[in-house]
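Thank you all for coming; I would like to walk slowly through one structure today, and I will try to name each part as we reach it. Please keep the picture in view while I talk.

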Amino acid sequence: MRMMVPTRPSAGADGGSEKRVLLMGNPNVGKSAVFSRLTGAHVIASNYPGTTVTFAEGLLRVDGQRCRVIDVPGTYTLEPTSRAEEVAVEMLADGDVIINVVDATNLERNLNLTLQLLKRRFPMVVALNMWDEALEHGVTIDVPALADLLGVPVVPTCAISGEGLKDLQQSLKRAAAGRLDYEDAERWHVIGDIVERVQQVAHKHPTIGQRLSHATVHPVLGPVLALLILAASFELVRFVGEGLIGYAAEPLFDLLWRPLMERLSVALGSGGVLHDLLVGDLVDGQVSFGESFGMLTTGLYIPLAAVLPYVFAFYLALGILEDSGYLPRLGVLVDNVMHRLGLHGLSIVPMMLGLGCNVPGALSLRVLETRKERFIAATLLAICVPCMAQIAMIAGLLGQYGAAGFLPVFGTLFLMWLGLGVLMKRFTHGATPEILVDIPPYRLPYWGALLKKLWMRLKGFFKEAIPYVLVGVLIVNLLYTFGVIGLLSRLFRPFVTHVLDLPPEAIGALLVGFLRKDVAVGMLRPLDLSLRQLIVASVVLTAYFPCVATFIVLFRELGWRDMLKSALIMVVTAFGVGGLLNVILSGLGVN
Amino acid sequence: MDGKEAMTNLAALPAGRTAVVVGFNGGRGMMRKLDALGLRPGKQVRVVSSQFMAGPITVLIDGRGVAMGRGIASRVQVRTMG
């Protein structure tokens, strides 16, 4: 995900006539699906000024008038209890019209925000979303009566099927400031009265979704189901990732790009500075996308063919887990383990995001409340959580060894995660708050919103990864050309060769790893390492330091003092564990 | 409990038990968070599950799930209903 320069979204840029429509509502009410339905293909993700809270912005036309629709972070109340909620409240000041998205299956809790919004006297309409689900649950709501009581248009919608969305757009013209008045202390009473007057609930037997919901937080069944769900997600990522590489990315590169590169190589005289920079070294007289290390060969092959398919597959699986409502349940199940690491269950979310790319993982650390949690989670993320780009490259390197290659790498990282967490919990001052989280009902993800989110994440990957990879490959070439790698290899030879048992050239990979981990792993490929060396190098490259993009975010989030401590832990752990792993693997007879 | 009402806290209830929230023993910040999630005096709650080793408990309020740590739950006073 990219990092945006914090700019307040300004109304001025496109002229004053553009209306700003704020989509506001509780978390998990289908706000993103409504957003996705209202706006076209052009959507951007932005950071709110001075924060890491992101929101999406898109365009909508109502009778020829352009409106800017802003998907405000979900909030339960305008009396904020977290940073994301504070942002939601601050963003209110920038809006012209509010669409308050309300979950029709949970009217009472949702009206709390509605009433607080009404008090601000903003032009507003209410979207009674999940209307179909409410009917299914035996909930009927008297829409005209509700509109009358609130004094604003109320439109039943079902964002997943698109029902009611046209009416919602049209209702924007009738947006009203409302006329309901009440004392703050009386709010819940007022809400209770409204609900009693407009809502009828017929008793229905629990649906399959509700039964499943209970099963997935059951103390015994829950963990079993969690393992199945995570294994299925892993298989999905592997299947889609491998499939895209094998049937799309590699054939495309081989059939279309290779002839061009070979022609370019000949045109450049099969050698020389420019040839080495653009095409790279020829391997047996041929262009090798994996090993040539030219900007146009390996520099494009790594991000587009080796990494992108897995990143796509990962964000697809993660999007399904997010939008179905499974993640908070996973948070509940792992809460106990996470407390042993000085974190609570929901810290699993930054870790999972980090598996995609450490940058959004690090950005999401803001949801953690205390310094202790942020320090521990940031350090664990940076050391033990490899990003998908790196995993994809490791998979390419170790693939031929199967489990004998993967298990030691990812097993070691997992054990480091647990061990370091337990240690840091002991030695980090501060408190770890308890988990408190809404468990939304299970819902089938709406594909429109899912794909939009996937696309936004991939755009982030393109913007972030491709330039860094190209610069990385450029730097590799410059370092070799100017003999820097040779010099450093000699300097660190004793350590690298004796402690880690790696060839001195591996120092080049460690150097480039500061910039981009996937390129660093790619640099191991021409070195012809043994299995043991590959395992040690993969673990050390994951752990010793985050890539520069992650480092910048962590530095901002932690401050220099904590970042320094964290970096010290990284270096000591990475090389300590690397050396130890080398000894253990040698002892086990792994060569 | 032989149909008798009894005062206790949410953490002490076994899974499947229903109770009515009476009050909360704790700071204003936490109270506001619970309130926003629909947990406030007068509300009926049902315990769906509680994780082993003093792990979090999950309750249903108005048919909607809320999970909370055992410490928070122990400060929610409830009246059991038979």
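Let me begin with a pair of helices in chain A, where Ala506(A), Gly508(A), Ala509(A), Val512(A) and Gly513(A) of α20(A) meet Lys517(A), Val519(A), Ala520(A), Met523(A) and Leu524(A) of α21(A). Sorted by class, this contact between α20(A) and α21(A) is made of seven nonpolar, two polar and one charged residues. Two packed helices are described by the angle between their axes and the distance between the axes. Here, the axes of α20(A), residues 506-513, and α21(A), residues 517-524, come within 8 Å and cross at roughly 170°. Because angles over 145 degrees count as roughly antiparallel, α20(A) is roughly antiparallel to α21(A).

Before going further, I should say that this is a predicted model, and that chain A averages a pLDDT of 87, with 95% of the residues scoring at least 70. The start of chain A needs more care, since over residues 1-15 the pLDDT stays under 50, and the model has 23 contacts for that stretch beyond four places in sequence. Where pLDDT is low, the predicted coordinates should not be read in detail.

Staying in chain A, let us look at the loop between α10 (273-278) and α11 (298-324), where we find Asp284(A) and also Phe293(A). Asp284(A) has a positive phi of about 55° although it is not a glycine, and Phe293(A), which is not a glycine either, has a positive phi of about 60°. Which of the two words, buried or exposed, fits Phe293(A)? Phe293(A) has 27 C-beta neighbours inside 10 Å and therefore counts as buried, whereas Asp284(A), with 5 other C-beta atoms within 10 Å, is exposed.

Now to chain B, and to strand β4(B), residues 57-61, in particular. Four of the five residues of β4(B) are buried, so this strand is largely enclosed by the rest of the structure. What does β4(B) pair with on the side of β3(B), residues 44-50, and in which sense? The two strands pair in the antiparallel sense over five bridges, and Arg46(B) has Leu60(B) of β4(B) as its bridge partner. The hairpin of β3(B) and β4(B) has six residues between the strands, and Met53(B) takes a positive phi near 50° there.

β4(B) is also joined to β5(B), residues 64-68, by five bridges, again with the strands running antiparallel, and Ile61(B) stands opposite Arg64(B) of β5(B). This hairpin of β4(B) and β5(B) has two residues between the strands, and in its turn Asp62(B) has a positive phi of about 50°.

Following the pairing onward from β3(B), we reach β2(B), residues 18-24, which runs antiparallel to β3(B) and is joined to it by three bridges; here Thr18(B) stands opposite Arg46(B). β2(B) is joined in turn to β6(B), residues 76-80, by five bridges in an antiparallel arrangement, with Ala19(B) and Thr80(B) as bridge partners.

Finally, let us put the two chains together. The contact takes 25 residues from chain A and 25 residues from chain B. On the chain A side, α3, α8, α12 and β10 each supply at least two residues, and by class that side has 10 nonpolar, nine polar and six charged residues. Strand pairing also crosses between the chains, for β10(A) and β5(B) pair in the antiparallel sense over four bridges, and Leu436(A) has Met68(B) as its bridge partner.

Technical notes. Residues numbered from 1 in each chain as written. Chains lettered and ligands numbered in written order. Predicted model: local features only at pLDDT ≥ 70, side-chain atom pairs only at ≥ 80, totals over all residues. Axes fitted to C-alpha atoms, helices over the stretch in contact; angles between N-to-C directions. Parallel < 35°, antiparallel > 145°, perpendicular 65-115°, else oblique. Contact = placed C-beta atoms within 7 Å. Nonpolar A, V, L, I, M, F, W, Y, C, P; charged D, E, K, R; others polar. Buried ≥ 20, exposed ≤ 12 C-beta atoms within 10 Å, placed from the backbone. Pairing = 2+ DSSP bridges. pLDDT = per-residue confidence, 0-100.
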